[in-house]
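Work through the exercises below with the coordinates loaded. Try each task before reading its solution.

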Amino acid sequence: MRLSKMLFVTLRDDPADAEIPSHKLLLRAGYIRRIGSGIYTYLPLMWRVLQKISQIVREEMNATGAQECLLPQLQPAELWQESGRWDTYTKAEGIMFSLVDRREQQLGLGPTHEEVITTIARDMIRSYRQLPLHLYQIQTKFRDEIRPRFGLMRGREFIMKDGYSFHVDEVSLKETYQDMYQAYSNMLRRSGLAFRAVEADSGAIGGSGSTEFMVLAAAGEDEVLYTSDGKYAANVEKAVSLAIDAEISPFTSYEKRETPGTQTIEQVCQLLQCSPTQVVKNVLYQAVYDNGVTVLFLVSIRGDQEVNEVKLHNELTKLAADYSAKAIIGLDVPDAQMQQTWAAKSLPLGYIAPDLGDEYIATRKHLYSQFVRLVDKTAVDLKNFITGANQSGYHVVGANWGEQFLLPNLVVDIRKARPGDRAVHDPSQILQTARGIEVGHIFQLGTKYSQAMGATYTNEDGEENPLFMGCYGVGVSRLAQSAVEQSYDQDGIIWPVAIAPYHAIVTIPNIKDPQQVEVAEKLYTELNKAGVETLLDDRDERAGVKFKDADLIGIPYRIVTGRAINNGKVEVVKRANHETQEIAIEEVVNTLQQWVNQGLAV
């Protein structure tokens with residue numbers, strides 16, 4: 001492709017609405033163009049990148065025996081109502097675009113396709129002889145993001161590969177899950193990216209286990225905790241660890257103490273000269289379930305620890321059936337305005353004890369009349385601890401479970417693991433931290449959707465059983481931008497060879513020099529013929545402008561037909577490190593072929 005014929009416009013300054021380097025560079029380099037909030041056009045250079053990533057994904061998926069198909073983007077609401085996710089996606093999380101057609105039927109634009117694929121399986125799979133079965137697609141998805149940002153990282157329209165497998169049992173599911181773990185690792189390795197596979201929370205997708213694939217980058221939205229022995233890595237939302245040991249309490253007898261102006265753990269510890277590891281703090285949460293019932297949860301946790309609200313959300317979701325509900329649509333630490341909707345009297349905020357009385361809860365319709373009490377494992381073994389006294393300006397010291405306070409029945413792990421904690425699998429291993437961008441996520445769904453939607457198969461004995469399912473997604477457009485976020489410098493993008501839009505660019509410094517043009521045209525033709533995908537910068541621009549544009553768009557190799565042609569050579573520049581060398585014109589094609597093949601063989 002000749003740049004003079006391409007839709008190619010670069011910007012010298014960073015766009016005002018771009019926040020992270022990859023977003024700025026893709027806009028400046030003419031890869032994408034913003035059309036609306038979270039909506040982008042993929043321009044010719046970007047489309048080539050996306051096609052290359054898609055091809056790598058296809059090859060790895062096909063190698064596992066998966067079959068490609070294409071599912072509808074427009075989905076009937078009743079399918080999502082069958083699975084129980086319609087309210088979760090349109091109200092609780094609010095990420096699904098929903099609409100009503102001219103026949104007054106509700107529809108949604110698919111953010112994911114579990115319901116559609118389960119319907120297909122329900123209609124078409126009859127016997128164990130058809131299993132296992134694995135279908136996948138590559139297509140556009142939609143999410144109504146509250147605050148679209150970071151370009152393709154968190155847009156409202158994006159390209160994704162999603163696959164779904166069906167099995168007779170969990171053993172078969174786990175086999176495909178491991179195949180996908182390897183396939184996803186291959187995809188990212190072949191794309192030239194540094195990544196880490198981590199344990200993850202399944203979120204609204206659900207299921208028994210999941211793994212995220214994180215491209216490592218400083219601007220990553222996710223925090224990854226891992227050990228140097230390579231045996232543990234998890235998203236911070238999922239991570240578990242051993243907290244540091246609690247110090248021995250200086251208090252040996254129970255008493256109530258005046259502690260004015262100590263609403264925070266730090267203030268309490270400063271006044272009482274104690275460690276936060278000796279404190280039980282009690283955090284109040286307000287959960288609203290999908291049937292409109294509000295339940296107040298009192299969480300007791302060690303004073304030096306934080307509540308992991310993803311873990312808490314999962315624990316409270318498990319309790320939904322106790323309140324005749326299926327899911328949580330809201331979880332908050334209630335502010336003053338929220339408290340007015342249910343509090344019978346003012347709460348002793350900052351001084352709450354584990355036994356805060358139920359009389360603080362007013363009698364209201366759809367309001368559970370008692371505090372539901374949970375205790376994190378870090379607080380269970382504390383002796384002679386400090387906690388609130390349920391009276392503003394007072395704490396108690398020397399308290400114990402089973403004496404002054406009843407230990408809650410619900411003992412849970414809801415603390416947030418953090419760097420410096422000891423690893424569960426080996427306490428000598430210390431958790432370290434890295435930032436990552438989630439580009440892939442695989443799930444063991446089990447029978448969640450098949451049971452809800454009646455997708456069954458008949459086994460060898462003629463018995464009807466629910467299908468076991470797996471779900472496997474990789475963000476194609478997100479992966480493309482992640483590659484930029486991982487690899488760039490002050491001059492622009494540095495694409496890995498495998499997913500670069502072109503392998504090489506031949507730059508003519510002076511298009512009025514017939515010899516420069518002749519050599520450039522010859523190399524351009526021969527390189528493309530040899531399989532080295534090559535651009536020709538034949539624009540009537542200054543050499544400096546062309547060099548800057550070549551660096552900005554990140555083509556791996558730049559060939560310059562400058563003064564060196566007088567000696568039968570051209571200048572070749574490697575974009576990754578700006579290494580420059582002069583190569584004989586007749587050796588350029590073979591040399592570039594070797595370099596490109598090396599880049600593709602990663």
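The exercises that follow use a predicted model.

**Exercise 1. Overall description**

Task: Describe the fold content, the dimensions and the burial of the protein.

Solution:
- Step 1. Assign secondary structure. The protein has 15 helices and 31 strands.
- Step 2. Align to the principal axes. The C-alpha atoms occupy a box of roughly 95 × 65 × 50 Å.
- Step 3. Classify by burial. The chain has 602 residues, and 54% of them count as buried.
- Step 4. Sort the contacts by sequence separation. Take those with a separation of 6 or more: 69% of them join residues 24 or more positions apart.

**Exercise 2. Surface and charge**

Task: Find the exposed area of the protein and the balance of its charged side chains.

Solution:
- Step 1. Compute the exposed area. The protein exposes about 26,700 Å².
- Step 2. Split by element. Carbon and sulfur atoms contribute 47% of that area.
- Step 3. Count charges. There are 62 positive and 78 negative side chains.
- Step 4. Locate the centre of each set. The two centres lie 4 Å apart.

**Exercise 3. Cysteines**

Task: How many disulfides does the structure hold? Check C274 and C471 one by one.

Solution:
- Step 1. Recall the chemistry. A disulfide covalently bonds the sulfur atoms of two cysteines.
- Step 2. Search the model. The count is zero.
- Step 3. Test C274. Its nearest cysteine sulfur belongs to C269, 3.9 Å away. The cut-off is 2.5 Å, so C274 is in no disulfide.
- Step 4. Test C471. Its nearest cysteine sulfur is that of C69, at 13 Å. C471 is in no disulfide either.
- Step 5. Check exposure. C274 has a relative accessible area of 13% and is buried. C471 has 5% and is buried.

**Exercise 4. Aromatic pairs**

Task: Count the aromatic pairs, then classify W342 with F371 and F385 with F405.

Solution:
- Step 1. Search the whole structure. It yields 11 aromatic pairs.
- Step 2. Take W342 and F371. Their ring centres are 6.5 Å apart and their planes meet at 85°, so the pair is edge-to-face.
- Step 3. Place this pair in the chain. W342 and F371 both sit in the loop between α9 (336-339) and β17 (372-376), 29 residues apart.
- Step 4. Check burial. W342 is buried at 1% relative accessibility. F371 is buried at 6%.
- Step 5. Take F385 and F405. Their ring centres are 6.2 Å apart with planes at 25°, so the pair is stacked.
- Step 6. Place this second pair. F385 lies in strand β18 (residues 385-388), and F405 in the loop between β19 (394-399) and β20, 20 residues apart. Both F385 and F405 are buried.
- Step 7. Look for connected pairs. Y289, F297, Y323 and Y368 form a cluster through ring pairs.

**Exercise 5. Two residues in one loop**

Task: Where do D421 and Q429 lie, and what does each touch?

Solution:
- Step 1. Locate both. D421 is in the loop between β20 and β21. Q429 is in the loop between β20 (410-412) and β21 (432-446).
- Step 2. Check exposure. Q429 is buried, with a relative accessible area of 14%. D421 is buried, with 5%.
- Step 3. List contacts of Q429, leaving aside neighbours within four places. They are T227, S228, D229, D421, R422 and A423.
- Step 4. Do likewise for D421. It touches S241, L242, A243, R415, Q429, I430 and L431.
- Step 5. Add a distance. D421 and V240 are 181 residues apart in sequence, with their C-alpha atoms 9.2 Å apart.

**Exercise 6. Backbone exceptions**

Task: Describe the backbone at P132, F150 and H578.

Solution:
- Step 1. Set the expectation. Most peptide bonds are trans, and most residues other than glycine have a negative phi.
- Step 2. Inspect omega. L131 and P132 are joined by a cis peptide bond, with omega about 0°. P132 is in the loop between α5 (114-124) and β7 (133-142).
- Step 3. Inspect F150. Its phi is positive, about 65°. F150 lies in the loop between β7 and β8 (157-167) and is buried at 15% relative accessibility.
- Step 4. Inspect H578. Its phi is positive, near 65°. H578 lies in the loop between β30 (569-574) and β31 (580-584).
- Step 5. Classify H578 by exposure. At 31% relative accessibility, H578 is partly exposed.

Technical notes: Residues are numbered from 1 along each chain as its sequence is written. This is a predicted model: local features need pLDDT of at least 70, side-chain atom pairs count only at pLDDT 80 or more; totals for chains, interfaces and linings use all residues. Side-chain values use heavy atoms; hydrogens and water are left out. Helices (H or I, at least four residues) and strands (E, at least two) are DSSP runs, numbered from the N terminus. Buried means under 20% relative accessible area, exposed over 50%, partly exposed in between (1.4 Å probe, protein chains only). Contact means heavy atoms within 4.5 Å. Accessible areas come from the Shrake-Rupley method with a 1.4 Å probe; for residues, only the protein chains shown count as cover. Lys and Arg count as positive and Asp and Glu as negative; His and the chain ends are not counted. The place of a charge is taken as NZ of Lys, CZ of Arg, CG of Asp or CD of Glu. Rings of Phe, Tyr and Trp (its six-membered ring) pair if their centres lie within 6.5 Å; planes under 30 degrees apart count as stacked, over 60 as edge-to-face and the rest as tilted.
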